[in-house]
Amino acid sequence: MGRDISFTHRTSMTVDRWHRMLDDAAERRDLPRLYRENLIEAADDMLRASIIDPLEHFDLLELAESAYSHEIEEQIVRHRYFLRSGSYVLVRDGPALGYLSGTAFNWAPPGERLNASHIDARVKHTDIGLELLNRSEESIGRIDGKRCITPTGEYELVEVSRMIRGIELRTIDDPDLYRAALDAIQLAKEEGDTERHAALSTRASVSIFMPCHACDDSFSKREDCAECEGLGFVRETPDRFRWRS
């Protein structure tokens, strides 16, 4: 006859320690999924140890899920327009003044040739977003959408190419080519060819243009559209990136 062995669940976790874990911005930023899992596991441990009751346990899980969801949303916003697979030039009033390839950045004084192999800074995800940190880990600027904001002023990030499935695609900067791409995308949609529609949409996204938000490139609306002047698309600018949200 076996013995009835009972034991008391033990844990070193406390509510205060749990909240310190909740406030760990570094783990939430760098490992959001693990961050959520650790919080849930710690809350479960406290419930089993009778440190918290089921209602308190529910509240902690709500806090964990809310913090995780907020972080994911923030990361989507931060990375929506700047892509590590893209290459960009920094532009202000005409000439390109810098080059950004992936996370590698270098300045290029006016008149000098851009050198993609030289690195003045790297893009890193910090507590305030995407920052340009030099070799001394000092911030020389930050990326906001497709703006690069530095102590010397703001620059527009203009994408010049992007790597997709191992293939480098050059940016579409010809309005006729972009119009043809939009028409091909519409045709694929009408024919129900989802695979071709997705491929064409991905290709058209590598462009200095974007569909007009005002008329949505609708044939019946774009003729009188003041925003795009009948084209159905517009030049992409930092101020227009909110349209892609």
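These are my notebook entries on a predicted model, taken one feature at a time.

**Entry 1: the β6–β7–β8 run**

I began with the strands. β6 covers residues 139–144 and β7 covers residues 147–150; the two run antiparallel and are joined by 3 bridges. I looked up one of the partners: Asp144 is bridged to Arg147 in β7. Between β6 and β7 there are 2 residues, and the strands form a hairpin. I checked the turn as well, where Gly145 has a positive phi of about 65°.

Next I followed β7 onward. Strand β8 (residues 153–164) runs antiparallel to β7, with 4 bridges between them. Here I noted that Ile149 stands opposite Glu154 of β8. This is a hairpin too, with 2 residues between β7 and β8.

**Entry 2: aromatic rings**

How many aromatic pairs does a search of the whole structure find? I got 5. One that I looked at is Tyr178 with Phe233: the ring centres are 5.1 Å apart and the planes sit at 70°, so I logged the pair as edge-to-face. The cut-off for that label is over 60 degrees. Tyr178 belongs to helix α5 (residues 175–190) and Phe233 to strand β11 (residues 233–235), so this pair ties together parts 55 residues apart in sequence. Are these two residues buried or exposed? Both Tyr178 and Phe233 are buried.

I also wrote down an aromatic cluster made of Phe105, Trp107 and Tyr155. Then there is a charge over a ring: the charged end of Arg36 sits over Tyr68, 3.9 Å from the ring centre.

**Entry 3: the largest pocket**

I went to the largest pocket and got about 580 Å³ of space. Its lining has 21 residues, and those nearest the centre are Leu182, Ile185, Pro211, Asp216 and Asp217. Which elements give two or more residues to this lining? They are α5, α6 (194–204) and β10 (209–211). Of these, α5 gives the most, with 7 residues. I sorted the pocket lining by class and have 9 nonpolar, 5 polar and 7 charged residues.

While on α5, I looked up Pro175, which lies in that helix. Pro175 has a relative accessible area of 40%, so I put it down as partly exposed. I also took a distance from Pro175 to Phe209: their C-alpha atoms are 7.8 Å apart, with their positions 34 residues apart along the chain.

**Entry 4: two positive phi values**

Most residues other than glycine have a negative phi. That made me flag two residues here.

Asp216, one of the residues nearest the centre of the largest pocket, is not a glycine but has a positive phi of about 55°. Where does Asp216 lie? I found it in the loop between β10 and α7 (219–222). Its relative accessible area is 61%, so Asp216 counts as exposed; the line for that is over 50%.

The other is Ser50, also not a glycine, with a positive phi of about 60°. Ser50 is in the loop between α3 (32–48) and α4 (54–79). I have Ser50 down as exposed because its relative accessibility is 62%.

**Entry 5: the cavity**

How many cavities of 30 Å³ or more does the structure hold? There is 1. The volume of the largest cavity is about 50 Å³. I counted 10 lining residues, with Leu157, Val158, Glu159, Arg235 and Glu236 nearest the centre. β8 gives the most to this lining, with 4 residues; that is the strand I had paired with β7 in my opening entry. By class the cavity lining has 4 nonpolar, 1 polar and 5 charged residues.

**Entry 6: Pro95**

Last, I checked Pro95, which is in the loop between β1 (86–91) and β2 (96–101). At 43% relative accessible area, Pro95 is partly exposed. From Pro95 to Ala108 I have 10.0 Å, C-alpha to C-alpha, for residues 13 apart in sequence.

How values were computed: Residues are numbered from 1 along each chain as its sequence is written. This is a predicted model: local features need pLDDT of at least 70, side-chain atom pairs count only at pLDDT 80 or more; totals for chains, interfaces and linings use all residues. Side-chain values use heavy atoms; hydrogens and water are left out. Two strands pair if DSSP finds at least two bridges between them. Rings of Phe, Tyr and Trp (its six-membered ring) pair if their centres lie within 6.5 Å; planes under 30 degrees apart count as stacked, over 60 as edge-to-face and the rest as tilted. Buried means under 20% relative accessible area, exposed over 50%, partly exposed in between (1.4 Å probe, protein chains only). A charge sits over a ring if NZ of Lys or CZ of Arg is within 6 Å of the ring centre and within 35 degrees of the ring normal. On a 1 Å grid over the protein atoms alone, a cavity is a set of points where a 1.4 Å probe fits but cannot get out, and a pocket is an open set with protein on both sides within 12 Å along at least five of seven lines; lining residues have an atom within 4 Å of a point. Grid points are joined across faces, edges and corners, and a volume is the space filled by probe spheres set on the points. Ala, Val, Leu, Ile, Met, Phe, Trp, Tyr, Cys and Pro count as nonpolar, Asp, Glu, Lys and Arg as charged, and the others, Gly among them, as polar.
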